[in-house]
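Work through the exercises below with the sequence and the structure at hand. Each task is followed by a stepwise solution.

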Amino acid sequence: MNEYSEECLLTFLEKQSQLFDEPVAETQEEAEAFLEDCMAVVVDSLGEVREYFEENGIDVDSMSEEELEDASEVFALPNGQYLIVEG
């Protein structure tokens, strides 16, 4: 464990409703287990978010950086990184 920072876990807990209709985690431990199970990744920039989607066969060529950041799978972290969670 400990792949995800506390900041990352708290952000996911706070904003999980942007991707899921019902909460999938209520504690940091549950959030970490959930993120590990779905192989969520943390990247350093929107460019890396774009690369991640392209590598996974998602066409993002016509999406602006703002649209990428607003995607329900993308969680902007306070430190400038991004958490990508595929629901």
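**Exercise 1: Helices and sheet**

Helix H3 (residues 46-55) lies across E1, E2 and E3 and runs at about 15° to E3. The model is predicted.

Task: Find which other helix lies across E1, E2 and E3, and give its angle to E2.

Solution: Helix H1, residues 6-15, lies across these strands. H1 runs at about 120° to E2.

**Exercise 2: Strand order**

Task: Determine the order of the 3 strands in the open sheet and how they pair.

Solution:
1. The order is E1-E3-E2, with antiparallel pairing.
2. Strand E1 (41-43) and strand E2 (74-76) are the edge strands, since each pairs on one side only.
3. From one strand to the next, the twist averages 25°.
4. Between E2 and strand E3 (residues 82-84) there are 3 bridges.
5. Within this pairing, Phe 75 has Leu 83 of E3 as its bridge partner.

**Exercise 3: Nonpolar cores**

Task: Identify which residues of the largest nonpolar core touch the most other members, and which elements give two or more residues to this core.

Solution:
1. The largest core has 15 residues; Tyr 4, Phe 12, Leu 35, Leu 83 and Val 85 touch the most other members.
2. H1 and helix H2 (28-37) are the elements that give two or more residues.
3. H1 supplies the largest share, 4 residues.
4. Leaving out residues up to four places away in sequence, Leu 35 touches Tyr 4, Leu 9, Phe 12, Ala 40, Leu 83 and Val 85.
5. A second, separate core has 11 residues, among them Val 60, Ala 71, Val 74 and Ile 84.

Conventions
Residues are numbered from 1 along each chain as its sequence is written. This is a predicted model: local features need pLDDT of at least 70, side-chain atom pairs count only at pLDDT 80 or more; totals for chains, interfaces and linings use all residues. Side-chain values use heavy atoms; hydrogens and water are left out. Two strands pair if DSSP finds at least two bridges between them. Axes are lines fitted to C-alpha atoms, for helices over the stretch in contact, and angles run from 0 to 180 degrees between N-to-C directions. Contact means heavy atoms within 4.5 Å. A nonpolar core is a set of buried Ala, Val, Leu, Ile, Met, Phe, Trp, Tyr and Cys residues joined through side-chain atoms within 4.5 Å. Buried means under 20% relative accessible area, exposed over 50%, partly exposed in between (1.4 Å probe, protein chains only).
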